[in-house]
Amino acid sequence: MPQFLETQNLVKKYGDLTAVAGISFEIAAGTIFSLLGPNGAGKTTTIAMLSTLLAPSSGDAFIDGHSITREPMAVRRLIGLVPQEIALYEDLSALENLNFWGKMYGLSGRPLAARIDEVLEQVGLRERAKERIKTFSGGMKRRVNIAAGLLHKPRLLFMDEPTVGIDPQSRRAILDSVKQLKAEGITILYTTHYMEEAQELSDLVGIIDHGQLIALGTQKELTTQVGGLDTLTLHLGEQDDPLFLAGLLKGLDGVLHCDAADHAVALITPAAEEVLAAVIQEASSHGIRVQSVDLREPNLEAVFLQLTGRALRD
């Protein structure tokens with residue numbers, strides 16, 4: 001499969017601070033590459049360089065053969081950007097915002113109107129086109145943000161933390177939209193600090209921390225690196241508080257990391273069978289009933305923990 005994006009030893013420095021420290025990776029055409037890392041790891045800086053908004057201190061990248069440093073205008077014709085910050089005008093409607101951004105891309109008239117209709121349909125907001133952005137939920141705003149990045153039919157789409165701070169329903173809609181974009185042949189670079197998003201979407205995952213790409217591969221390739229760790233998921237009743245239980249379990253011997261989810265708690269441990277009894281007892285002693293337990297092979301959270309000694313969202 002041809003490589004659509006090739007990054008070569010990309011570096012960004014701000015004085016004595018190195019935000020991105022010589023990262024290299026490739027993205028095949030029509031695939032999703034997730035750059036997974038905690039806040040401040042260098043994900044947004046990497047996207048800013050690749051989208052030609054920020055000049056690298058050294059190194060280069062090539063998008064469909066065009067250099068980001070020497071041919072920025074050629075690169076811009078190929079890419080779309082969905083930034084982490086909402087790039088919309090609150091007092092304008094979704095339709096008016098997209099009309100503005102479409103004209104910035106050089107679109108106009110009937111082709112622009114037709115394209116706006118198409119992208120609003122893609123993100124599930126066609127019926128809300130004439131409503132002002134300030135009346136939208138955070139998740140709806142992010143979906144319009146995505147629509148703006150799709151107006152000119154980019155071949156490569158950069159999506160920088162597109163689900164931060166939104167409700168589960170909107171998050172689900174965005175993830176489904178990303179899958180559909182891939183099905184339509186768009187190449188996607190997706191940054192996130194949510195392990196479960198990278199697991200669901202990615203053909204290839206790069207793990208970044210402190211500006212360095214510390215691991216790169218398919219999910220299967222990465223998880224084989226931490227074969228000694230297990231993920232134990234405890235499913236709770238609807239009345240039980242997973243956040244409270246996660247806080248309790250973080251202090252138990254043998255529990256390396258613990259996360260709360262909807263009616264569940266997932267913990268990483270080197271010996272699931274050994275800690276299970278203590279975990280159940282701790283929950284029971286606080287009136288929490290564990291309804292069922294799943295034991296899974298290592299996930300990307302475990303990979304990050306193994307490589308850095310800390311959890312992805314600590």
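This text walks through a predicted model, starting at one strand and moving on to a pocket and to several salt bridges.

The strand β7 covers residues 156-160. Five of its five residues are buried, and the strand is mostly covered. In a regular strand the side chains alternate between the two faces of the sheet. In β7, Leu 156, Phe 158 and Asp 160 point one way, while Leu 157 and Met 159 point the other way. The residues on both sides of β7 are buried.

β7 has a strand partner in β6, and the two run in the parallel sense, joined over four bridges. Within this pairing, Phe 158 of β7 is the bridge partner of Leu 81. Strand β8, made of residues 187-192, also pairs with β7 in the parallel sense, here over five bridges. Tyr 190 in β8 stands opposite Met 159. Helix α6 belongs to the same part of the description: β7, α6 and β8 make up a β-α-β unit, and this unit is right-handed.

Strand β6 leads on to a pocket. The second largest pocket of the model has a volume of about 470 Å³. It is lined by 18 residues, and the closest to its centre are Ile 79, Leu 81, Trp 101, Tyr 105 and His 152. Leu 81 was met above as the bridge partner of Phe 158 in β7. Four elements give two or more residues each to the lining, namely α2 (72-76), β6 (79-82), α3 (94-104) and α5. Sorted by class, the lining holds 10 nonpolar residues, six polar ones and two charged ones.

Next come the charged pairs. Across the whole structure, a search finds 15 salt bridges. Three of them are described here, beginning with one next to β7 in the account.

Lys 43 and Glu 161 meet through their side chains in a salt bridge, with N to O at 3.3 Å. Lys 43 is in helix α1 (residues 43-50), and Glu 161 is in the loop between β7 and α6 (168-183), so that the pair links distant parts of the chain, 118 residues apart. Are these two residues buried or exposed? Both Lys 43 and Glu 161 are buried.

A second salt bridge joins Arg 155 and Asp 64, whose closest N and O atoms are 3.0 Å apart. Arg 155 lies in the loop between α5 (138-150) and β7, and Asp 64 lies in the loop between β4 (58-63) and β5 (66-67), so this pair ties together parts that are 91 residues apart in sequence. Arg 155 counts as partly exposed because its relative accessibility is 42%, a value between the limits of 20% and 50%. Asp 64 also counts as partly exposed, at 34% relative accessibility.

The third salt bridge is formed by Glu 200 and Arg 172, with the closest N and O atoms 2.4 Å apart. Here the distant parts of the chain that are linked are helix α7 (residues 195-201), which holds Glu 200, and helix α6, which holds Arg 172; the two residues are 28 residues apart. Glu 200 counts as partly exposed, with a relative accessibility of 32%. Arg 172 counts as partly exposed too, at 34%. This pair is part of one network, in which salt bridges that share partners join Arg 172, Asp 176, Lys 179 and Glu 200.

Notes: Residues numbered from 1 in each chain as written. Predicted model: local features only at pLDDT ≥ 70, side-chain atom pairs only at ≥ 80, totals over all residues. Heavy atoms only, no water. Salt bridge = Lys/Arg side-chain N within 4 Å of Asp/Glu carboxyl O. Buried < 20%, exposed > 50% of the residue type's maximum accessible area, 1.4 Å probe, protein only. 1 Å grid on protein atoms, 1.4 Å probe; cavity = no way out; pocket = protein on both sides within 12 Å on 5 of 7 lines; lining within 4 Å. Points joined across faces, edges and corners; volume = space filled by probe spheres on them. Nonpolar A, V, L, I, M, F, W, Y, C, P; charged D, E, K, R; others polar. Pairing = 2+ DSSP bridges. Right-handed = clockwise from strand over helix to strand, strands pointing away.
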